[in-house]
Amino acid sequence: MAWLLDDSRPIYIQLASKIQSDIISGVYKPGDKLPSVRDLAMDAAVNPNTMQKALTELERGGLIYTQRTSGRFISEDLQKVSAMKAALAREQIHQFLKTMLRLGFKKSEILQFMEETFEEES
Amino acid sequence: METLLECHQLSKHYGSKVALDHLDLTIERGRIIGLLGPNGSGKTTLIKLINGLLAPTSGTLLINGHAPGPETKKVVSYLPERTYFNTWMKVTDILRFFNDFYADFDDKRALEMLHRLNINESMRLGAMSKGTKEKVQLIMVMSRNADLYCLDEPIGGVDPAARDYILQTIITNYSERASVLISTHLISDIENVLDDAIFIQNGRVMLTGSVDDIRMNEGKSVDALFREVFRC
């Protein structure tokens, strides 16, 4: 099944963020071996060079590392993964708050809505 | 990167009609390239020149440093727009045909792909649907260990599932030594598998670049850019 990609952003960036969110959400565990570039490219239905570029990007960020002969692995640096997770959460909340403030909600109202909705959903 | 194909001031005229007009183009190894342009822009003419089916009016075209001829036909695998197999041929006949013609033909690879698509080797081409015929031909072409694969409209007549299979085939057979040149106007279908895009119009190269660079610089997909550039 091809990965869902949008039309506006470079493909390698979208691949990198998909794998990043798979790492953060625990689809890949720390120390896991990543599938080969070719298999990942097949799975995503993209060009292997583009997948390679996405992995290089993740490597630069320290989320994955290469072991010379045996392939690529997910970082075992739990702090790095949780830092990434926190950064992603902050980004999401920031987006949400921007929208809510634009709609004219105050902090107390937003928190109250959050509480209520959370109750309803769980 | 190592150059695989080089066109310099390449022109082709059909009588007074100019199909290619002083075209300059370089293709490196290890790339999957989309040759994109509206109808009549010169895509098929360029591919036929690469395969030595047409002779240039002027200019040069070199593959691995050779002009098209027996040397280059050994390393270029060509999927024409139309099927050229006879309808009486069985899949086994075509396999033998390719084995005879091309030293780089890997019949094990071809059989594997045929089996995966449940195509029976004793089936006659005349008994196959258009889409199945196209698949057989693509399998033959991709089962060579060539340096350059030229695919002229490989996804024109097939259904979406077969199209996915064709793209998979191209990705699976990808090698760092070889390049794949795909001519098409169905860009959105193949955009994700391309490294580079070449836009041609009126026999000239309008724009070339990597797909991700184009997306980065233009903020839109190659497909969207194409529609804008070639708006009718």
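What share of the contacts in chain B between residues at least 6 apart in sequence join residues at least 24 apart? I looked this up first and found 71%; two residues are in contact if their C-beta atoms, placed from the backbone, lie within 7 Å.

**Entry: the model.** I noted that this is a predicted model, in which local features need pLDDT of at least 70 and side-chain atom pairs count only at pLDDT 80 or more, while totals for chains, interfaces and linings use all residues. Residues are numbered from 1 along each chain as its sequence is written, and chains are lettered from A and ligands numbered from 1 in the order in which they are written.

**Entry: chain B as a whole.** I recorded nine helices and nine strands in chain B; these are DSSP runs numbered from the N terminus, helices being H or I of at least four residues and strands E of at least two. The C-alpha atoms fill a box of roughly 50 × 40 × 35 Å along the principal axes. The radius of gyration of chain B is 18 Å, which agrees with the value near 17 Å for a compact globule of 232 residues. That radius is taken over C-alpha atoms, and the globule rule is 2.2 Å times the number of residues to the power 0.38.

**Entry: burial and helix H9(B).** I found that 41% of the 232 residues of chain B are buried, meaning that 20 or more other C-beta atoms, placed from the backbone, lie within 10 Å of the residue's own. In H9(B), residues 222-229, I listed B:Val222, B:Leu225 and B:Phe226 as buried. They lie on the same side of H9(B), because they cover an arc of only 105° around the axis; the arc is that of the directions from the helix axis to the C-beta atoms. Their cover includes strand S3 (32-36), helix H7 (187-190), strand S8 (196-201) and helix H8 (211-218) of chain B.

**Entry: two hairpins.** In chain B, I saw S1 (residues 3-14) and S2 (residues 17-28) pair in the antiparallel sense over eight bridges; pairing requires at least two bridges found by DSSP. B:Thr3 stands opposite B:Glu28. Two residues separate the strands of this hairpin, and B:Gly15 in the turn has a positive phi of about 60°. In chain A, four bridges join the antiparallel strands S1 (residues 64-67) and S2 (residues 71-74). A:Thr66 has A:Arg72 as its bridge partner, and three residues link the two strands in a hairpin.

**Entry: where the chains touch.** I noted 15 residues from chain A and 18 residues from chain B in the contact. On the side of chain A, H3(A) gives the largest share, three residues.

How values were computed:
Buried ≥ 20, exposed ≤ 12 C-beta atoms within 10 Å, placed from the backbone.
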